[in-house]
Amino acid sequence: MSANHDRANLLEVRGLTKIFGTLAACNHIDLNIAKGEIHALLGENGAGKSTLVKMLFGSLEPNSGEIFWNGQAVRITSPGLAKKLGIGMVFQHFSLFEALTAAENIALSLNDGSPISAIAAKARALSYSYGLPLDPESLVGDLSVGERQRIEIIRCLLQTPQLIILDEPTSVLTPQEADKLFETLERLRAEGKSILYISHRLEEVKRICDRATVLRHGKVVGHCNPRQETAASLARMMVGNEVKAVVRAPAKGIETAPALLEIHGLTRKPATPFAIPLKNINLSVRAGEVIGIAGVAGNGQGEFFESVSGEVLQQDPGSVRIRGKDAGGVSITGRRLMGAAFVPEERLGHGAAPRMKLSENLLLSRHATDGKSFVGSGGMVRNGSVYSAAQRIIAAMDVRKSAPDPEAAALSGGNLQKFIVGRELDRKPSVMVVNQPTWGVDAGAAAHIRQALIELARSGSAVLVISQDLDELFELSDAIAVMHNGELSAPLPIAEATFERIGLLMGGAEPGHAEHRMETA
Amino acid sequence: MMRLELVKRPQRSALFSVLSPFIAFALTMIAGAIMFALLGVSPLNAFNVYFVQPISEVWQLHELAIKAAPLILIAVGLSVCYKANIWNIGAEGQFILGGIFGSIIPVLFPEFEGPLVLPLMLLLGMVGGALYAAIPALLKTRFSTNEILTSLMLVYVAQLFLDWLVRGPWRDPQGHGFPQTIQFGDSAVLPELMPDAGRANWGFVFALVAAVTVWLMMSRMLKGFEVRVLGSSPRAGRFAGFGLSKMVFFTFLLSGALAGLAGISEVSGAIGQLQPVISPGYGFTAIIVAFLGRLNPLGIVAAGLVLALTYLGGEAVQSALGISDKVARVFQGMLLFFVLGCDTLIHYRIRLIGFAAPQLEAAPKLEEAR
């Protein structure tokens, strides 16, 4: 038992360990959070950040180790107890009812019987005092993602926590919204509150955090002062070695290359009350180029992807054209047969069936395009050739797995994503549409996937990448368009694009379409 | 304090996939022994009468096959539905409509005889079952109604329709007022397989052929893959380009046709005419058969034989021990209950957790060991 607890530490964690099966998700983690500091928790996906935080918030029980709160040993057995101690948490994925107002949502979680009007007044006062203006009467469904995050933060602050845990808070914000958030965080720090800030955005961490704890493979690999580090040195600590930089060879002769994917006047009514309508989207992607679509989550990207992939058909056959032919009324299978390939945002349950083997998941998107080699006479599946094709993809994409042909759900997110992207690359499609290509994928695998997409384009395909990760889009794209509230801006050539310009567009500035490259082509 | 915790397995357990029905069967036997003891009968004696005596002679095995045939035929069709996560609960009604449609020829055209009669009857039986199953499929795809409710409610419609037919327009005029149709002619009766040994008819062969064919489809063919994908992750199925509406119709029509075939086989083979009641609940018992057989057509053959035995055993305990034959229903219900319960073991491990120092109090406690 360690007895030298520093009273200045709000939270002290000693040897915290959580084991899932044979995997030590957290392995003897030590962590100190002082009063009035912003402490970064850094690590790649799968490094154990979420598991650690869940143990601190009482939703997971550690196998061993100790937690000290203000110098006292505590066992945090439930989120309710964590709140009582003074630990608040803002999750990456919000838990808000869209059909209720902000105040009603807050009242639900406080659950102390005080009248909604009183809660609304308190929330309003609190939100203005922290520079996070919020109308408690507004319906959550009508709010932007950034505004929804404010509700979560206000909800957390109403419980007057001493420690606030923020999980990837800026992943859903525009750069300008993120700046606002940072001001709030600095204000909270000035009041003596502590913040545990989880992120993989190193520039942010360098900017606002006082100290950082870096996790890798469930272990603490180092504590540091992020201000004295460079982004590269922090990345090295997280990954364990240099990440290979993505090389983007200059695109040649794109201006004269044929447009392989054309979207013309694509409009879609919302399918549910909270879906985003698509408004007159125009875009063309030429052979040899990568076009990126930036945007804050929930601005119509999902609806756009479904429309382009053919999971949802269009009334106007000419609104989506693939390799010069109308595809608006063609099913996803038909569009694949025209040469297109698609990678959706959700891996499990959309891009792959979780409880099916990788070889079966190969068949999922390629049963028609590779009908001759994968399906024999009478509709019999040629298991042998499907299996060997799956093994070929696994080798090409360096998919790490525990069995020769495991179920999709048994793979880590990054490895499954490599397989799903590899499944489509293996076809050498002439049009590739990818939604969030490296979401939740570790840095090494992400570089691999990005490089593969660039090479596909340079070999003569048209590649369209939808992403919330601006760094990724700047690394990949020849031009970036921005989706905001169901509208798509004209693509900015990468040479003219800056974080600031894209960020302003993401926030809804310069709405409408100044020009359409398609029309000038 | 000790508590049980279910821990999710990373992969489904192949071992417990196989073991689960056997564990369920053992638990059913234990519960059954308690039930017999409470009824005042020695469990050993009762088990002997219930499970052993009904299959101790060759002719009795034929009776078993007669009971198992409709269960297997129906359950094989249902297994495809359930794999696709589509819930056809109305096989009993489709069974009855199959019996009615198939009886059109022998009842309305008794003078039409010859080798064509039987194949036509079987075909009509399948059409009848499929058409009746198309109703909940249509309602589901057009109006998003819940197919569990519609298919179930249509069972009662079918039962009353049959009752009306045999009491009304289709009643045998020479039948002394009994509610039944005329006896089918020779060419309308499904032949027995081995007339010298027992009564088992071709229905059992149909069941085996259906089981093997559907097993091939589900395990080797693209169609079976489509069923499994749409059943386990519909969004991934849509991404694959498989249509859910088409799948609803495919599974309902297939299971309806097989239930209809079972219906006409039963009417033409085991009964020989239409009566107000032509099924002791085969369509519902087949749901248990499907799950006990792990929704695998080959497993369903074995499960069908087990459930057929519960019917025979029920009759046996009634005549030998004077216990109600509703005991059969109790056994069937317990079996389904335990099968579904034991299936948890396929995806979860059970772990016993003990606390050295239980802490029920929410208050943080002071570190004392300084």
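Gln436(A) is buried, with 23 other C-beta atoms within 10 Å; buried here means that 20 or more other C-beta atoms lie within 10 Å of the residue's own, exposed means 12 or fewer, and partly exposed is in between, with C-beta atoms placed from the backbone. This is a predicted model, in which local features need pLDDT of at least 70 and side-chain atom pairs count only at pLDDT 80 or more, while totals for chains, interfaces and linings use all residues. Residues are numbered from 1 along each chain as its sequence is written, and chains are lettered from A and ligands numbered from 1 in the order in which they are written.

**Loops and single residues**

Let us stay with Gln436(A) for a moment. It sits in the loop between strand S17 (431–435) and helix H15 (443–458) of chain A; helices (H or I, at least four residues) and strands (E, at least two) are DSSP runs, numbered from the N terminus. Its phi is near 50°, a positive value in a residue other than glycine. Most residues other than glycine have a negative phi.

Chain B offers a companion case in Ser144(B), which has a positive phi of about 55° although it is not a glycine. Its loop runs between helix H6 (117–143) and helix H7 (147–167) of chain B. With 8 C-beta neighbours inside 10 Å, Ser144(B) counts as exposed.

Two further residues are handy landmarks. Gly40(B), in the loop between helix H1 (14–38) and helix H2 (43–52) of chain B, is exposed, with 8 other C-beta atoms within 10 Å. Its C-alpha atom is separated by 40 Å from that of Asp196(B), 156 residues apart along the chain. Ala121(A) belongs to helix H4 (residues 116–129) of chain A and is partly exposed, with 13 other C-beta atoms within 10 Å. Between the C-alpha atoms of Ala121(A) and Ala389(A), 268 residues apart along the chain, the separation is 61 Å.

**Helix packing**

Here are two helix pairs side by side. Axes are lines fitted to C-alpha atoms, for helices over the stretch in contact, and angles run from 0 to 180 degrees between N-to-C directions.

| Helix pair | Axis distance | Crossing angle |
|---|---|---|
| H8(B), residues 203–220, and H13(B), residues 297–321 | within 8 Å | roughly 150° |
| H13(A), residues 383–396, and H14(A), residues 413–425 | 9 Å | about 115° |

H8(B) and H13(B) are therefore roughly antiparallel to each other, as angles over 145 degrees count as roughly antiparallel, under 35 as roughly parallel, 65 to 115 as roughly perpendicular and the rest as oblique. On the H8(B) side, the contact is made by Leu208(B), Ala211(B), Val214(B), Trp215(B) and Met218(B), and on the H13(B) side by Pro297(B), Leu298(B), Ile300(B) and Val301(B); two residues are in contact if their C-beta atoms, placed from the backbone, lie within 7 Å. These residues divide into 9 nonpolar, no polar and no charged, where Ala, Val, Leu, Ile, Met, Phe, Trp, Tyr, Cys and Pro count as nonpolar, Asp, Glu, Lys and Arg as charged, and the others, Gly among them, as polar.

In chain A, H13(A) passes H14(A) in a right-handed crossing, a term for the near helix being turned clockwise from the far one by less than a right angle, with anticlockwise giving left-handed. Ile393(A), Ile394(A) and Ala396(A) of H13(A) meet Phe419(A), Gly422(A) and Arg423(A) of H14(A). Their split is 4 nonpolar, 1 polar and 1 charged.

**Chain B as a whole**

Chain B has 15 helices and 2 strands, and its C-alpha trace spans about 100 × 60 × 35 Å along its principal axes. Of its 370 residues, 46% are buried. Among contacts in chain B with a separation of 6 or more, 79% join residues 24 or more positions apart.

**Where the chains meet**

The contact takes 36 residues from chain A and 24 residues from chain B. On the chain A side, the elements giving two or more residues are strand S5 (72–74), helix H2 (79–85), helix H10 (332–337) and helix H11 (358–366). The largest share of that side, 4 residues, comes from H11(A). By type, the chain A side divides into 20 nonpolar, 10 polar and 6 charged residues.

**Confidence**

The predictor gives the complex an ipTM of 0.81 and a pTM of 0.79. Chain A averages a pLDDT of 87, and 95% of the residues score at least 70; pLDDT is the predictor's confidence in each residue, from 0 to 100. Among the elements of chain A, helix H18 (residues 517–520) has the lowest mean pLDDT (39) and strand S18 (residues 462–466) the highest (97). Over residues 511–521 of chain A the pLDDT is below 50. Chain B averages 90, with 95% of the residues scoring at least 70, and its pLDDT is below 50 over residues 356–370.
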